[in-house]
Amino acid sequence: MTRGSSPRLALLGGTPLRTDSWPQWPARGPEEEQAVVAALRDGDWGGFPLPNERSAAFAAAFAERHDCEHALCVANGTVSLEVALQAMGVEPGAEVIVPAYTFEATASAALFAGCVPVFADIDPETWCIDVEAAAALVTERTQAIVPVHLAMTIADLDAIGSLAGKHGLAVLEDCAHAHGARWRGRGVGSWGDAGSFSFQTSKLMTAGEGGIVTTSDEAILDRLHALVNCGRQRPGAAEPAAVIGHNYRMTDLQAAILEVQLRRLDEQHLVRGRNASRLRAAIEDIAGLANLRIDDRVTTQAIYQFVFRFDSGAFAGMDRDVFVAALESEGVPADGRFYESLPVSELLRPDPSRYPAWSAALAAPPAADCPNAERAAYQESVWLPHQLLLGTRADVDDIVEALLKVQRGAEDLAGLESAEVERLRQARSAR
């Protein structure tokens with residue numbers, strides 16, 4: 001904490017509550033360096049032949065960690081969704097149900113696979129897909145559902161499994177935030193037909209970029225290999241896949257880093273979990289802030305971002321984005337519009353001429369009334385990056401004190417608009 005910090009909000013010219021640095025991310029040490037040097041020296045850097053030695057070893061360890069028979073490394077966590085949908089047999093033109101509150105890649109992957117993303121609203125308490133809302137969207141064209149395990153919660157995999165079984169839907173778990181998480185004692189990514197994970201820089205495990213698909217279905221694995229490896233068949237494939245594939249292979253330099261990152265994961269979960277419990281308890285006592293509900297069936301929680309709900313009514317009517325700016329000015333990294341509501345997202349405006357299935361859907365667009373997603377995206381959500389929880393109890397206490405400081409100064413920020421807030425932030429950074 002900054003000693004002698006003033007009661008005046010930093011955004012308005014006061015002293016920030018904290019100027020100390022936070023735990024670094026990506027977490028790294030001599031183990032990653034040694035792994036990369038070893039890979040560098042042996043000269044076998046690429047992803048061909050697929051899978052290469054290190055990526056094969058890492059994929060096997062990752063699959064075992066998540067209770068799956070197989071895993072295949074790929075270039076990133078967007079193409080992992082795309083090729084998984086194709087490998088699961090979801091046909092071009094089919095409808096794929098996705099939650100309205102998630103990163104755009106969950107929906108754009110369906111478009112890349114030639115499908116139509118259909119947006120289901122979210123559960124207002126967990127911000128994962130509302131299974132009842134999803135059920136109402138099923139038509140004769142629906143072939144798949146993509147539940148997203150969001151931030152620090154897990155979608156209701158029992159209810160999703162029941163829905164999928166009733167209608168014969170394929171299930172692709174989007175686990176980009178959920179490395180190592182477990183539902184009723186079993187790893188995420190093993191409940192659906194396939195699971196998709198990302199290793200982008202901010203994720204709980206990272207090699208800068210990268211992704212992986214998990215499955216226990218041999219036929220899906222055969223098709224994945226062909227799709228990822230330029231159409232080449234997996235040696236010994238039980239079901240040859242005649243496809244025009246991509247080069248979506250991961251390099252062995254990335255896999256070398258990820259083998260070390262996987263070994264770090266359990267200890268990091270313990271540290272984040274302890275600090276998250278302390279932060280959740282404190283938030284319960286702050287008027288206007290509320291925790292997301294963590295289902296009792298979550299037996300191992302993964303915390304990609306610590307997310308909570310903001311109610312402007314307890315903060316003198318302050319806009320959520322102003323609250324986030326004030327919190328950041330006090331030295332606590334935060335985000336508000338981390339994700340948008342996909343039906344109105346500025347990043348998801350596909351050109352119908354490039355996506356024929358989408359063009360056809362626009363003639364009779366599926367329902368996209370998602371008030372819970374819009375409220376989360378534009379009014380309620382506050383996201384804190386996971387590395388803030390890799391520190392000490394004192395770090396958590398700084399977060400709490402910053403929240404309270406902003407609340408005490410709420411009257412001074414009431415009525416401010418985003419343009420004025422940006423001017424104040426620029427003035428602070430110029431000092």
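Visitor: How much space lies in the largest cavity?

Guide: The general idea is that rolling a probe the size of a water molecule over the atoms shows where empty space is left. In this structure, which is a predicted model, about 30 Å³ of space lies in the largest cavity, and the count comes to one cavity of 30 Å³ or more.

Visitor: Which residues line the largest cavity, and how do they divide into nonpolar, polar and charged?

Guide: The lining consists of His149, Ala151, Met152, Thr153, Ile154, His177, Ala178, Ala181 and Ala302. Of these residues, six are nonpolar and three are polar, while no charged residue takes part in the lining.

Visitor: Let us turn to the sheets. In what order do the seven strands of the open sheet stand?

Guide: Reading across the sheet, the order is β1-β9-β8-β5-β4-β2-β3, and the pairing is mixed. At the edges are β1, residues 70-74, and β3, residues 116-120, each of which pairs on one side only. From one strand to the next, the twist averages 25 degrees.

Visitor: How should I follow the pairing around β2, and which residues stand opposite each other there?

Guide: It helps to go through the partners of β2 in turn. With β3, strand β2 pairs in the parallel sense over five bridges, and with β4, residues 142-145, β2 (residues 95-99) is joined by three bridges, again in parallel. Val96 can serve as a landmark, since Val96 stands opposite Pro117 in β3 and also opposite Ala144 in β4. The next residue to look for is Ile97, which stands opposite Ile145 in β4. From there one can step onward through Ile145, whose bridge partner in β5 is Val171; β4 and β5 (residues 170-174) run parallel and are joined by two bridges.

Visitor: Is β2 enclosed or open to the outside, and which way do its residues point?

Guide: Five of the five residues of β2 are buried, so this strand is largely enclosed by the rest of the structure. Glu95, Ile97 and Pro99 point one way, whereas Val96 and Val98 point the other way, and all of them are buried. The cut-off behind that word is a relative accessible area under 20%.

Visitor: What is the order of the three strands in the other open sheet, and which of them stand at the edges?

Guide: Here the order is β7-β6-β11, and the pairing is antiparallel. Strands β7 (186-187) and β11 (298-300) stand at the edges with a single partner strand each, so one side of each is left without a neighbour in the sheet. Two bridges join β6, residues 182-183, to β7, and Arg182 stands opposite Gly187 in β7.

Visitor: And where is Arg184 found, and what is its phi?

Guide: Arg184 is found in the loop between β6 and β7. Its phi is near 50 degrees, a positive value in a residue other than glycine, and Arg184 is partly exposed, with a relative accessible area of 48%. Cys230 also has a positive phi, of about 60 degrees, although Cys230 is not a glycine. That residue is found in the loop between α7 (218-228) and α8 (252-283), and Cys230 is partly exposed, with a relative accessible area of 38%.

Visitor: How should I read a helix, and how many residues of α9 are buried?

Guide: An α-helix has 3.6 residues a turn, so residues three or four places apart point the same way. Helix α9, residues 320-329, is mostly covered, with eight of its 10 residues buried; among them are Arg320, Val322, Phe323 and Leu327. At the N-terminal end of α9, Asp319 acts as a cap, with a side-chain oxygen that lies 2.8 Å from the backbone nitrogen of Asp321. After the helix comes Gly331, whose phi is positive, near 100 degrees.

Visitor: Finally, which peptide bonds are cis, and where are the prolines found?

Guide: One cis peptide bond runs from Trp25 to Pro26, with omega near 5 degrees, and Pro26 is found in the segment before α1 (30-42). Another cis peptide bond joins Phe48 and Pro49, where omega is about 0 degrees; Pro49 is found in the loop between α1 and α2 (53-65).

Note on methods: Residues numbered from 1 in each chain as written. Predicted model: local features only at pLDDT ≥ 70, side-chain atom pairs only at ≥ 80, totals over all residues. Heavy atoms only, no water. Pairing = 2+ DSSP bridges. Helix = DSSP H or I, 4+ residues; strand = E, 2+ residues; numbered from the N terminus. Axes fitted to C-alpha atoms, helices over the stretch in contact; angles between N-to-C directions. Buried < 20%, exposed > 50% of the residue type's maximum accessible area, 1.4 Å probe, protein only. Polar contact = N/O pair within 3.5 Å; in protein donor to acceptor, adjacent residues only side chain to side chain. 1 Å grid on protein atoms, 1.4 Å probe; cavity = no way out; pocket = protein on both sides within 12 Å on 5 of 7 lines; lining within 4 Å. Points joined across faces, edges and corners; volume = space filled by probe spheres on them. Nonpolar A, V, L, I, M, F, W, Y, C, P; charged D, E, K, R; others polar.
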